[in-house]
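Q: Please take a close look at a single aromatic residue in this model and at the part of the chain around it. I would like one connected account that then sets it beside the other aromatic contacts.

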Amino acid sequence: MGNILFISGVSLTIGPKSTMQFFMKRQNFKGTISFGAGFFFVIIGWPVIGMILEAYGFIVLFSGFWPTLSVFVQRIPILGWVFQQPFVRSIFDRYRSKRVPV
């Protein structure tokens with residue numbers, strides 16, 4: 001049920017046409033296939049394997065958004081202080097140049 005809500009939530013947020021374009025992009029095929037295979041494994045009764053595949057597919061699909069998320073987290077008032085410490089910030093700075101416009 002969560003998978004269906006996830007797909008419908010993405011569709012309602014960015015629209016059905018953009019959703020299809022997002023999932024059918026060449027660079028997103030690995031994530032789309034993994035997410036779909038994971039959904040299939042959950043349906044046939046292998047939930048652990050299915051959830052692992054779905055998690056991998058989710059990470060691959062939305063890996064372009066992690067840099068944008070890191071900038072957002074650094075601007076949260078109290079939590080941002082932790083993420084602006086030199087050690088943590090060096091990790092985020094690796095991805096800053098790959099930021100996706102939202």
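A: Trp46 counts as partly exposed in this predicted model, because its relative accessibility is 49%, which lies between the 20% below which a residue is buried and the 50% above which a residue is exposed. The place of Trp46 is in the loop between helix 3 and helix 4, the latter covering residues 47-61. Together with Phe40, Ile43, Ile44 and Ile49, Trp46 makes a nonpolar surface patch of about 540 Å², and the largest share of that patch, 3 residues, is contributed by helix 3, which runs over residues 29-44.

Trp46 also falls within a span that comes from the record: the unreviewed UniProt entry places the feature "transmembrane region" at residues 29-49 and 55-73, an annotation that may be inferred rather than shown by experiment. In the model, residues 29-49 are 90% helix and 0% strand, with the end C-alpha atoms 19 Å apart. For residues 55-73, the end C-alpha atoms lie 21 Å apart, and the chain there is 79% helix and 0% strand.

Turning to ring contacts, a search of the whole structure finds 8 aromatic pairs. One of them joins Phe6 and Phe62, whose ring centres are 6.0 Å apart and whose planes stand at 80 degrees, so this pair is edge-to-face, the class for angles over 60 degrees. Since Phe6 lies in helix 1 (residues 2-14) and Phe62 in the loop between helix 4 and helix 5 (66-74), the pair ties together parts of the chain that are 56 residues apart in sequence. The two partners fall into separate accessibility classes: Phe6 is partly exposed, with a relative accessible area of 21%, whereas Phe62, with a relative accessible area of 16%, is buried.

The pair that involves Trp46 itself is formed with Phe41: their ring centres lie 5.6 Å apart and their planes are at 10 degrees, so the pair is stacked, as the angle is under 30 degrees. Phe41, at 22% relative accessibility, counts as partly exposed, and Trp46, at 49%, is likewise partly exposed.

As for the wider setting of the edge-to-face pair, Phe6 and Phe62 belong to one aromatic cluster that they form with Phe22, Phe23, Phe35 and Phe58. Trp46, for its part, combines a place in the loop between helix 3 and helix 4 with membership of the nonpolar surface patch and a stacked contact with Phe41.

Conventions: Residues numbered from 1 in each chain as written. Predicted model: local features only at pLDDT ≥ 70, side-chain atom pairs only at ≥ 80, totals over all residues. Heavy atoms only, no water. Patch = residues over 30% accessible without salt bridge, like charges linked within 9 Å, V, L, I, M, F, W, Y side chains within 5 Å. Areas by Shrake-Rupley, 256 points an atom, 1.4 Å probe, with all protein chains shown as cover. Salt bridge = Lys/Arg side-chain N within 4 Å of Asp/Glu carboxyl O. Helix = DSSP H or I, 4+ residues; strand = E, 2+ residues; numbered from the N terminus. Buried < 20%, exposed > 50% of the residue type's maximum accessible area, 1.4 Å probe, protein only. Phe/Tyr/Trp six-rings, centres within 6.5 Å; stacked < 30°, edge-to-face > 60°.
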